[in-house]
Amino acid sequence: MESMKEVWSATLDKLREHPEISSTAFDMWLACIEPRAVEENAFVVFVNSPFQRNIIKQQYKDKICDALESVLQFRLDLKILCNEVEEEGKPLVVMGSNDEFTFDTFIVGEDNKFAHAAAQSVAQNPAANYNPLFIYGNSGLGKTHLLFAIRNEVLKKNPNTNVVYATCETFVNEFVETVKTKDVTDFKEKYRNADILLIDDIQFLSRKEETQTEFFHTFDYLYRSQKQIVLTSDRPPKEIATLTDRLRTRFEQGLLADIGAPNLETRIAIIKSKAEQIGMTISNEVCEYIATQLKTNIRQLEGVVKTMRAQYLLTGEEPSLATAQNAIRVVKRQKTPLTVDRVLEEVARTFSVTPDDIRSRKNTANISRARQTAAKVLCELLEFSQEKAGAELGGRDHSSINYALSQVDERMKADESYRLTVEDILKNLKSID
């Protein structure tokens with residue numbers, strides 16, 4: 001069973017980063033799947049209910065099989081078991097609790113020791129010194145680890161503490177749903193009753209006025225109530241162009257702590273620690289090789305270790321330079337691809353329109369500006385030709401896209417706010433991994 005858990009944990013890591021699976025969908029449908037066995041041609045899992053099984057079969061089965069294949073390096077079908085009552089009264093194992101993210105498992109180096117110390121201080125004395133605590137750095141360097149380390153440390157000392165963790169995307173999506181239903185009671189109760197509020201990737205906070213206003217009031221309410229707030233971002237507040245001035249000021253009134261890429265010695269220590277956590281020994285030579293190949297993303301280092309572990313458990317291949325090279329190739333291929341849909345979603349979110357608006361024939365000032373910006377991003381980030389960009393933007397011709405690009409360039413030169421907004425969109429999309 002231990003090998004099944006290792007393989008499934010690595011698979012969940014890949015599904016969590018899938019561009020077509022939102023964090024809400026992941027938590028609702030995938031995080032609680034329990035691995036059971038590997039049969040001749042199938043990976044066997046158990047789920048809570050027939051309803052969940054049907055949803056997974058219809059919407060996620062192929063994605064799960066793809067993720068499993070990337071871990072195992074061979075294809076298996078997915079067999080989903082489900083009983084109305086769990087067999088023999090055995091409790092269902094809930095995966096993805098992030099209990100492994102503690103201060104003890106966080107490897108401290110020169111580039112993260114300040115953020116680590118600040119997070120520890122917050123966990124020991126919430127709202128006493130650093131409120132808010134704003135941790136920033138590139139993707140994959142341990143910001144989320146520190147958030148969960150705070151959560152786990154606080155709950156270890158006082159299990160009754162109401163610690164609320166959410167990604168910024170989750171916060172925005174939940175608020176949008178409350179606007180649709182015109183009932184914000186549950187939403188406010190969830191976030192404003194928090195003793196500690198942890199928000200991941202705040203750079204994705206919607207430019208939409210209602211959303212930022214709600215977050216501002218939530219922030220102010222908790223701050224005045226002397227509740228701890230911890231935020232993470234891939235950049236400092238002053239570089240998030242879509243933030244309102246009053247939010248930027250609130251974020252900067254606390255402690256800003258940055259995390260940089262780990263040096264070689266720290267990367268080697270991380271690899272050894274990750275291997276030790278899952279009961280695997282990797283030689284110094286292999287650790288150093290991995291550390292020299294992957295320099296800027298701790299998540300990738302962990303992915304390599306888990307992939308090597310899965311290879312050993314299922315094929316008996318001991319960790320070696322050869323298995324490390326194969327695992328590195330697998331992990332590097334797993335970078336989340338930037339898609340047209342993701343580009344349009346980010347542009348639409350920034351301009352408070354919808355992707356359908358951008359593709360439509362509507363020509364209000366805001367939609368036109370969003371469409372022109374989308375053309376710029378598609379051509380720059382995805383390296384689309386003007387013809388291909390036009391095809392993705394509602395079948396527009398070459399001349400329309402050429403005009404859109406010239407408008408964007410002129411506006412960026414003349415309007416500082418617009419230039420910063422475009423740069424913010426590009427940063428957000430480049431940060432996706």
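## Leu78 and the largest nonpolar core

Leu78 is in contact with Phe43, Val45, Ile56, Lys61, Ile64, Cys65 and Leu68, not counting its neighbours within four places in sequence. The model described here is predicted.

Leu78 is also part of the largest nonpolar core, which has 30 residues. Leu30, Phe43, Tyr60, Ile64 and Leu78 are the residues with the most contacts inside this core. Two or more residues each come from α1 (2-16), α2 (23-30), β2 (42-46), α3 (50-72) and β3 (77-81). Helix α3 gives the largest share, nine residues. A second core is separate from this one and holds 28 residues, including Val347, Phe351, Val377 and Ala389. In soluble globular proteins, nonpolar side chains tend to be buried together.

## Helix α16

Helix α16 covers residues 365-381, 17 residues in total. From its first C-alpha to its last, α16 reaches 24 Å, close to the 24 Å expected at 1.5 Å a residue. Of the 17 residues of α16, 12 are buried, so the helix is largely enclosed by the rest of the structure.

The buried residues of α16 are Ile367, Ser368, Ala370, Arg371, Gln372, Thr373, Ala374, Ala375, Lys376, Val377, Leu378 and Cys379. One of them, Val377, also belongs to the second core. The buried residues of α16 pack against α14 (340-351), α15 (355-359), α17 (386-392), α18 (398-414) and α19 (416-430). Just after α16, Glu383 takes a positive phi of about 55°.

## Aromatic pairs

The model has 12 aromatic pairs, counting rings with centres within 6.5 Å. In one of them, Phe187 and Tyr191 have their ring centres 5.0 Å apart and their planes at 50°, a tilted arrangement. Both residues lie in helix α7 (residues 185-192), and they are four residues apart, about one turn of the helix. Phe187 counts as buried because its relative accessibility is 5%, under the 20% limit. Tyr191 is buried too, with a relative accessible area of 0%.

The rings of Phe219 and Phe251 also pair, with centres 5.8 Å apart and planes at 55°, so this pair is tilted. Planes under 30 degrees apart would count as stacked, and over 60 as edge-to-face. The pair links distant parts of the chain: Phe219 is in helix α8 (residues 209-224) and Phe251 is in helix α9 (residues 245-252), 32 residues apart. Phe219 and Phe251 are both buried. One aromatic cluster takes in Phe187, Tyr191, Phe219 and Phe251, together with Phe134, Phe171, Phe175, Phe215 and Tyr223.

## Charges over rings

Two arginines have their charged ends placed over aromatic rings. The charged end of Arg246 sits over the ring of Phe216, at 4.0 Å from the ring centre. For Arg369, the ring is that of Tyr418, and the charged end sits 5.8 Å from its centre.

## Asn152

Asn152 is found in helix α5 (residues 143-157). Its relative accessibility is 15%, so Asn152 counts as buried.

The side chain of Asn152 takes part in polar contacts. It reaches the backbone oxygen of Phe101 at 2.8 Å. A polar contact of 2.6 Å also joins the side chain of Asn152 to that of Arg151.

Notes. Residues numbered from 1 in each chain as written. Predicted model: local features only at pLDDT ≥ 70, side-chain atom pairs only at ≥ 80, totals over all residues. Heavy atoms only, no water. Phe/Tyr/Trp six-rings, centres within 6.5 Å; stacked < 30°, edge-to-face > 60°. Buried < 20%, exposed > 50% of the residue type's maximum accessible area, 1.4 Å probe, protein only. Lys NZ or Arg CZ within 6 Å of the ring centre and 35° of its normal. Core = buried A, V, L, I, M, F, W, Y, C linked by side-chain atoms within 4.5 Å. Contact = heavy atoms within 4.5 Å. Expected span 1.5 Å × (residues − 1). Polar contact = N/O pair within 3.5 Å; in protein donor to acceptor, adjacent residues only side chain to side chain.
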